[in-house]
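Visitor: I have a few short questions about this model, if you have a moment. Could we start with the terms you use for surface exposure?
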Amino acid sequence: MNEKIRRWLIIIISTILSIVINIGFNHLVIFILHVPLFLDTVGTVTLTFFCGWIPGLVCAFATTLLDSIIGGYFLQLPTLYVICSFSAVFISYKFKRNIFNTNMIIVRICYLFILAMIMCVVISILGGIIDSICITYSNYKSTYPVASDFFKPNFIKLGLSQLGTNIVSRFPINIVDRLFTCFISYGLSLLFSLLVKQDNKGNC
């Protein structure tokens with residue numbers, strides 16, 4: 001098979017599979033295990049590691065689009081949360097070379113941990129801003145429990161503004177789900193590479 005055609009087939013198939021992974025992980029964790037974590041970017045980060053930022057953005061957009069249709073908020077303000085997924089793509093792509101260009105496992109683990117922490121901060125801030133916009137201008141209510149809502153009353157009692165509360169209340173959850181996302185995505189990207197018999201440097 002022509003190498004260019006083979007490469008495009010790998011990208012297309014990997015993108016479709018990553019979208020399924022996003023939706024599948026999210027459904028498994030929230031609706032089956034009833035754990036209020038956001039793992040809907042596992043496939044997105046996996047694909048970014050494996051194929052780069054453009055397929056990663058496509059995966060993030062398609063996942064949000066499908067989620068909005070399934071969740072009943074198609075083309076409504078909550079679709080703005082795709083910005084959080086986009087940020088995950090750009091941040092993970094920035095770290096991709098650092099992670100995969102070393103053969104020392106401990107160094108890779110350190111980079112993945114740092115990546116998770118940076119994602120946590122950025123996504124918490126973006127998510128808090130978007131949450132404030134949705135609360136102010138949208139009547140949409142999530143169909144599943146959002147763990148950050150549990151922490152909000154405590155931060156409001158401390159005198160934080162609505163925006164500050166929406167941001168800070170996301171940190172406890174995002175620390176956990178970003179760690180899961182980064183390490184699972186790393187493992188899946190290695191599996192993808194193995195399946196198509198490539199190196200482990202995330203080169204699609």
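Guide: Certainly: a residue is called buried when its relative accessible area is under 20%, exposed when that value is over 50%, and partly exposed in between. Please keep in mind that this is a predicted model.

Visitor: Okay, so is Phe 183 buried or exposed, or in between?
Guide: Phe 183 has a relative accessible area of 32%, and therefore it counts as partly exposed. Phe 183 lies in helix α8, which covers residues 171–195.

Visitor: Which nonpolar surface patch is Phe 183 in?
Guide: Phe 183 joins Met 104, Ile 105, Ile 106, Ile 109, Phe 113, Ile 114 and Ile 118 in a nonpolar surface patch of about 720 Å².

Visitor: And which helix gives the largest share of that patch?
Guide: That is helix α5, residues 105–137, which contributes six residues to the nonpolar patch. Ile 109 belongs to helix α5, and with a relative accessible area of 38% Ile 109 is partly exposed.

Visitor: How far is Ile 109 from Tyr 186?
Guide: Their C-alpha atoms are separated by 9.7 Å, although Ile 109 and Tyr 186 are 77 residues apart along the chain.

Visitor: Switching topic: how many disulfides are there?
Guide: A search of the whole structure turns up zero disulfides. A disulfide would need two cysteine sulfur atoms within 2.5 Å, and the sulfur of Cys 120 is too far for a bond because the closest cysteine sulfur, in Cys 182, is 10 Å away.

Visitor: What about Cys 134?
Guide: Cys 134 is in no disulfide either, since the nearest cysteine sulfur, that of Cys 84, lies 10.0 Å away.

Visitor: Are those two cysteines, Cys 120 and Cys 134, buried or exposed?
Guide: Cys 120 is buried, at a relative accessible area of 2%, and Cys 134, at 9% relative accessibility, counts as buried as well.

Visitor: Now Thr 44: where is it, and what does it touch?
Guide: Thr 44 sits in helix α2, residues 42–51, and with 0% relative accessibility it counts as buried. Leaving out residues up to four places away in sequence, Thr 44 touches Asn 22, Gly 56, Cys 59, Ala 60, Ser 85 and Val 89.

Visitor: Let's follow Gly 56, then; which residues does it touch?
Guide: With the neighbours up to four places away in sequence again left out, Gly 56 touches Thr 44, Leu 47, Thr 48 and Val 89. Gly 56 is placed in helix α3, residues 53–71, and is buried, with a relative accessible area of 0%. From C-alpha to C-alpha, Gly 56 and Ile 11 are 10 Å apart in space, while 45 residues separate them in sequence.

Key
Residues are numbered from 1 along each chain as its sequence is written. This is a predicted model: local features need pLDDT of at least 70, side-chain atom pairs count only at pLDDT 80 or more; totals for chains, interfaces and linings use all residues. Side-chain values use heavy atoms; hydrogens and water are left out. Helices (H or I, at least four residues) and strands (E, at least two) are DSSP runs, numbered from the N terminus. Buried means under 20% relative accessible area, exposed over 50%, partly exposed in between (1.4 Å probe, protein chains only). Contact means heavy atoms within 4.5 Å. Patches are made of residues with over 30% relative accessible area and no salt bridge: like charges are joined within 9 Å, nonpolar side chains (Val, Leu, Ile, Met, Phe, Trp, Tyr) within 5 Å. Accessible areas come from the Shrake-Rupley method with a 1.4 Å probe; for residues, only the protein chains shown count as cover. A salt bridge is a side-chain nitrogen of Lys or Arg within 4 Å of a carboxyl oxygen of Asp or Glu.
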